[in-house]
Amino acid sequence: MLTGVDLTSWGADLPGAPPAGAAEPSAAGGSAFGTQPVVAVEDAAGNVVTADNGTAVSLALTSNAAGGTLSCTGGNTMTVTDGVADFSGCKIDVAPATYSITASATPYLTPDTHTITTYVGTAKALVFSTN
């Protein structure tokens, strides 16, 4: 029985993921996250369902007090391959703020949510203008 999705790149479930208890990611507002979301479809025992090549997984902001917009290069919905969806180019346009990102797939009962903090990036240039 398939029970849920796991936002694994910010957990500890897949190879290359941060260790359990690692800090949630952060990124400059408008810049791609340093660690991109990876979502896995799991069975009741927490195993990745590698035979799944058709579930559509979506990412959404579920805590968004600053009014930011989440966007990913390939869109905010992806179809899993071998039970895993690798998102790329994901970013949130408004900083500074802390957001909750939720991964979900219908009809699974258990979505997964993690937080990410955006910050104002370092200045890169000094520009003169006239009034």
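**A predicted chain built from strands**

In this predicted model, the mean pLDDT of the protein chain is 75, and 70% of its residues reach 70 or more. Confidence is not even along the chain: among its elements, strand 1 (residues 2-7) has the lowest mean pLDDT, 60, while strand 6 (residues 77-79) has the highest, 93. Over residues 11-22 the pLDDT falls below 50, although this stretch has 17 contacts in the model beyond near neighbours in sequence. Where pLDDT is low, the predicted coordinates should not be read in detail.

The overall architecture may be considered next. The secondary structure of the protein chain consists of ten strands and zero helices. The chain has 131 residues, of which 36% count as buried. Among contacts with a separation of 6 or more, 65% join residues that stand 24 or more positions apart. The protein chain exposes about 7,100 Å², and carbon and sulfur atoms supply 54% of that area.

Strand 3 offers a useful place to look in detail. This strand covers residues 38-43, and five of its six residues are buried. Strand 3 and strand 7 run antiparallel and are joined by three bridges. Within this arrangement, Val39 stands opposite Ala85 of strand 7.

From strand 3 the reader may turn to the interior. The largest nonpolar core has 22 residues, and those touching the most other members are Phe33, Val57, Leu59, Leu70, Phe87, Ile92 and Ile101. Strand 3, strand 4 (56-63) and strand 9 (97-104) are the elements that give two or more residues to this core. The largest share, four residues, comes from strand 9. Ile92 illustrates how parts of the chain that are separated in sequence meet: leaving aside residues up to four places away, Ile92 touches Gly29, Gly30, Phe33, Leu61, Gly68, Thr69, Leu70, Tyr99, Ile101, Ile116 and Thr118.

A final point concerns the backbone. Most residues other than glycine have a negative phi. Asp82 is not a glycine, yet it has a positive phi of about 55 degrees. Where does Asp82 lie? Asp82 is found in the loop between strand 6 and strand 7 (84-86). Is Asp82 buried, partly exposed or exposed? Asp82 counts as partly exposed because its relative accessibility is 43%, a value that falls between the limits of 20% for buried and 50% for exposed.

Notes: Residues are numbered from 1 along each chain as its sequence is written. This is a predicted model: local features need pLDDT of at least 70, side-chain atom pairs count only at pLDDT 80 or more; totals for chains, interfaces and linings use all residues. Side-chain values use heavy atoms; hydrogens and water are left out. pLDDT is the predictor's confidence in each residue, from 0 to 100. Contact means heavy atoms within 4.5 Å. Buried means under 20% relative accessible area, exposed over 50%, partly exposed in between (1.4 Å probe, protein chains only). Accessible areas come from the Shrake-Rupley method with a 1.4 Å probe; for residues, only the protein chains shown count as cover. Two strands pair if DSSP finds at least two bridges between them. A nonpolar core is a set of buried Ala, Val, Leu, Ile, Met, Phe, Trp, Tyr and Cys residues joined through side-chain atoms within 4.5 Å.
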